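Please open the model in a viewer and keep the selection tool at hand. The tour below proceeds one selection at a time.

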Amino acid sequence: MKNAIPLIWRRIPERYALMGTVCENCKTEYFPKRMFCAKCRRKGRVVEKQMPDEGKIFSFSEVHVAPTGHESEAPYFLAIIELKNGVRLMSQIVDSEKEKIKFGSPVKMMFRKITEDDHDGTIAYGYKFKVV
Amino acid sequence: MRKVAIVGAGLSKFGERWDASFRDLIFEASSMALEDAKMEGSDLQAIYGGTMAPGRLIGQEHVGALIADQLGLTPIASTRVEAACASGSVALRNAYFAIASGMYDIVAVGGVEKMTEVSTEEVSFALGGAGDQEWELFLGATFPAIYALMAKRHMLDFGTTEEQMASVSVKNHKNASKNKFAQYQNEITIQDVMDSSPVASPLKLLDCSPITDGAAAVILCSEERARKFTDTPVQIIGSGQASDALALANRKSMTEIAATKEAARQALHQAKLTIKDVQVAEVHDCFSIAEILAIEDLGICKKGEGGKFTEDGHTALNSKISVNTSGGLKGCGHPVGATGVKQAVEIYWQLQGRANGRQVKGAEIGLTQNVGGSGATAVVNVYKRMD
């Protein structure tokens, strides 16, 4: 799908800086951002909170058949990262030796290009992680 | 609530159907179902059709009305239902509600997907919509990759092996070889799966269900009128549905599909049965790991033992419990919107003793489990023949 410029713009805090939310009532942290706390509902008070940029690999897969827009990257590693606060997110793992991509490997967020539409099109940036 | 039974069933041939359009597939399945029920189209009072992505796959929306139009059934109410790969089962459930409530007596349920009119890349993108567009697909995830992340974690936590996963595909191809409607009617070996090309490690091509054109249809009827159409109606005795986070990362566990557990709990509770009462089950094996998760989450075996349970042959035809006698999504094919309805068709035939060449002996109670996306929707239905 072509990158919609307003969507890229709206997601800048989350995709560039891992901005999530926390419920001040029950302290549950969410990434991506949520409009309200599913646990506390109306009793909750949700405010922005930046997620830690470090975590560990919870699960991973080497993707050989890539979707449109990611063909040139294949094969690449996709992972579920568990951040230091326990919140999980999906990310690619880049700039890491294959042997070091394992369960529990410590990882750190990198700022990277995610997709580009075509030669004259929009470029979308965001997070990828590398093993540290 | 009134009792509801299936009184007729039909399928199109599943496969790469270059000869058949979306409309042709619907006609094949529904005309077979109407003939099976010895019913006239004019007997139908409403239609529920499950289809996931006709907008992306054939450029067509508003397919509820299209179905009624093509079948010459206007002006009856015709509703399209979408829940990704669980669209068919959710359509079936809504038809069930419509009769159980007393609103209608006879309702047709269809499921259809025409997937080979566009490129594989376009199909992947359309199916990707079952996951989270902004937080999974955008980052380079595919559906095989999302299930691969579950498989990898299952291997770590429980010692599940690639060979055990392969044994799901081997079994389902064997069952499909006895099903004339199936896309693949050839048997394969563990080695064939292990040697197939990598898709998203640990999943290989033969761990994955194919791209399929196909349609399925069942006719539902209130209990009072069911015997007018067949001597052996098959009653829906329990139905459950549950939802979960769209994105895998936002779920509590990656080695279970919590929505399956909840839907099964609802369905079995309503049926006043346990999973031990079920002899034949159609489950959602979009990837080999998915069948392992399904049999664990349904309670057919303990959590973590699904790989070994399958490898030991306990889910083969006429073993402890016969799972995916149709060939499942892997062998029979996976036209996504049709799959949930096809599962009901297979159970209908099994409970009526009409599953030629793959009949489960003494099948009294059947179950279907259908998943949307990577587990954000799950539907479980339980069926019993009315003797």
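**First stop: a strand in chain A**

Begin by selecting M19(A), whose bridge partner in β3(A) is Q50(A). The model displayed is a predicted one.

Extend the selection to the whole of strand β1 (residues 19–23) of chain A and strand β3 (residues 46–50) of chain A; the two pair in the antiparallel sense over five bridges.

Next, add strand β2 (residues 29–30) of chain A, which pairs with β1(A) in the antiparallel sense over two bridges. To see this pairing at the level of residues, pick T21(A) and, opposite to it in β2(A), Y30(A). β1(A) and β2(A) form a hairpin, and five residues lie between the two strands. Within that turn, select K27(A), which has a positive phi of about 70°.

Before leaving this region, display the surroundings of β1(A). Is this strand largely enclosed by the rest of the structure or not, and why? Four of the five residues of β1(A) are buried, so the strand is largely enclosed by the rest of the structure.

**Second stop: where chain B touches chain A**

Now show both chains. The contact between them involves 27 residues of chain B and 23 residues of chain A. On the chain B side, select α5 (120–128), α6 (143–158) and β5 (198–200), the elements that each give two or more residues to the side touching chain A. Of this side, α6(B) supplies the largest share, with seven residues.

Colouring the side of chain B that touches chain A by residue class will show 18 nonpolar, five polar and four charged residues.

**Third stop: the two domains of chain B**

Hide chain A and colour chain B by domain. Domain 1 comprises 4–119 + 212–226, and domain 2 comprises 135–210 + 237–385. The C-alpha centres of these two domains of chain B lie 23 Å apart.

How many residues does each domain of chain B bring to the contact between them? Domain 1 of chain B contributes 34 residues and domain 2 of chain B contributes 31 residues.

To view the domain 1 side of this contact, select β1 (4–11), α4 (87–100), β4 (106–113) and β7 (214–222) of chain B, the elements that give two or more residues to it. The element that gives the most to this side is α4(B), with eight residues.

Finally, colour the side of domain 1 of chain B that touches domain 2 of chain B by residue class: the residues divide into 20 nonpolar, ten polar and four charged.

Note on methods. Residues are numbered from 1 along each chain as its sequence is written. Chains are lettered from A and ligands numbered from 1 in the order in which they are written. This is a predicted model: local features need pLDDT of at least 70, side-chain atom pairs count only at pLDDT 80 or more; totals for chains, interfaces and linings use all residues. Two residues are in contact if their C-beta atoms, placed from the backbone, lie within 7 Å. Ala, Val, Leu, Ile, Met, Phe, Trp, Tyr, Cys and Pro count as nonpolar, Asp, Glu, Lys and Arg as charged, and the others, Gly among them, as polar. Domain bounds come from an automatic or database domain assignment. A residue is buried if 20 or more other C-beta atoms lie within 10 Å of its own, exposed if 12 or fewer, and partly exposed in between; C-beta atoms are placed from the backbone. Two strands pair if DSSP finds at least two bridges between them.
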